[in-house]
Amino acid sequence: MSKRTVFTTITALPAGITRETVIETLHNHVEMIDLNPLVIERHPTKAPRKATPEEYHSIWYHVVDKINYLPGYSGRTEFDVCFHDLKTGLQTRCYAPLGLDIKDKWTLGGTLPHEPKEPVEIGIGVPKEGLWLREDVDMKCNVMATSFVKKTLKKAHATLVDRLVEKAHLREMAIHNNRLEEHSSILSYYSGPTSPALLGSPLPSPNHLQQDRQSGVPYPDPLPAYQKLDDRGSLGKAPYPYSPPMESMQHPSPDPRYSQPPSDPRHSRQSSHTKDPRHSYQTYQPLPVELPTSEPRMPELDSSSAQQSRY
């Protein structure tokens, strides 16, 4: 005779853990299996025959647990479990021996300080601030073994959540360190010419400068000339390309690659059609045309040609 048992566990997550890190850990199925302290073996497998059509296309693993039944007496339990990723968590289904059927759902909820607050469910101990991880368990088990299975499952999943939180802390720390390294590399790349890394040597100390002056050995000045203060207390002029001379900007030299021979009319600046008065700015005046003063004379025909024209 089987008995159905439903219970919910809420775990508040510490500050500093982002939502993306927790979801990434929940969607890593192999990591979720390995975080369980009872698991000693696991490998991918196919869906069992009793899997529902919705579960058939999920990701399945064959898992082996080591369970302590009594002090000094332990045994192995093998079962199949499927994983189905959700937007806010993870859903699993476990088919174990002796008719044990466990439906488990992990949900990430809560709000961060920069997010708008939402109403929380009452009666189950949900924190009103920060992120939290909720586990909803719906299991069917033999009446005699229900208490033992529930106790073992709660203890194992509590250790799983602690390891998950610690794993999330390590992941956040790695992400933070990578960001700092990228930021420092960008700053060093865009640093000015007075940076010791760009000068090639560290800045000299006053003791070294005093010793070099006493010995008469010239020491290279670490600052360029355009960054020194003159007699008036202002910075000197920066060399090219910091302040290019105005002469080079006012009279740029033509590029010989784009110069055209002036003798070729096709490349001359004045187009040939500008010589046409129709294209000039002056008013177009047509040239005078001489009209005939008398009627044109018709050519005279001889008698023979006139007779032929009649016929």
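Here are some numbered notes on how this structure is put together, starting with the sheet and ending with the cysteines.

1. Before anything else, keep in mind that you're looking at a predicted model. The main thing to find in it is an open sheet of 7 strands. Going across, the order is β1-β7-β6-β5-β4-β3-β2, and the pairing is antiparallel. At the edges sit β1 (2-12) and β2 (39-45), each with a pairing partner on one side only. If you ignore direction, neighbouring strands of this sheet are turned by 20° against each other on average.

2. Now zoom in on β6 and β7. Strand β6 covers residues 100-111 and strand β7 covers residues 130-142, and the two pair in the antiparallel sense over 11 bridges. To trace this by eye, try Ile102, which stands opposite Met139 in β7. Another handy spot is Thr107, whose bridge partner in β7 is Arg134.

3. What does β6 pair with on the β5 side, and over how many bridges? Strands β5 and β6 run antiparallel and are joined by 8 bridges. Here Thr107 turns up again: Gly89 stands opposite Thr107 in β6. The hairpin of β5 and β6 has 3 residues between the strands, and in this hairpin Leu98 takes a positive phi near 60°.

4. Is β6 enclosed or open to the outside? It is largely enclosed by the rest of the structure, because 9 of its 12 residues are buried. Have a look at helix α1 (residues 19-26) too: this helix packs on the sheet and touches β5 (89-96), β6 and β7. The direction of α1 makes about 165° with that of β6.

5. A general tip while you're following strands: in a regular strand, side chains alternate between the two faces of the sheet.

6. Last, the cysteines. A disulfide is a covalent bond between the sulfur atoms of two cysteines. How many disulfides are there in this model? The count comes to 0. Take Cys94 as an example: the closest cysteine sulfur belongs to Cys82 and is 9.2 Å away, so that's too far for a bond. The cut-off used is 2.5 Å between the sulfur atoms.

7. Are Cys94 and Cys141 buried or exposed? Cys94 has 10% relative accessibility, so it counts as buried. Cys141 has 4% relative accessibility, so it counts as buried too. The limit for that label is under 20%.

Definitions and conventions
Residues numbered from 1 in each chain as written. Predicted model: local features only at pLDDT ≥ 70, side-chain atom pairs only at ≥ 80, totals over all residues. Heavy atoms only, no water. Pairing = 2+ DSSP bridges. Helix = DSSP H or I, 4+ residues; strand = E, 2+ residues; numbered from the N terminus. Axes fitted to C-alpha atoms, helices over the stretch in contact; angles between N-to-C directions. Contact = heavy atoms within 4.5 Å. Buried < 20%, exposed > 50% of the residue type's maximum accessible area, 1.4 Å probe, protein only.
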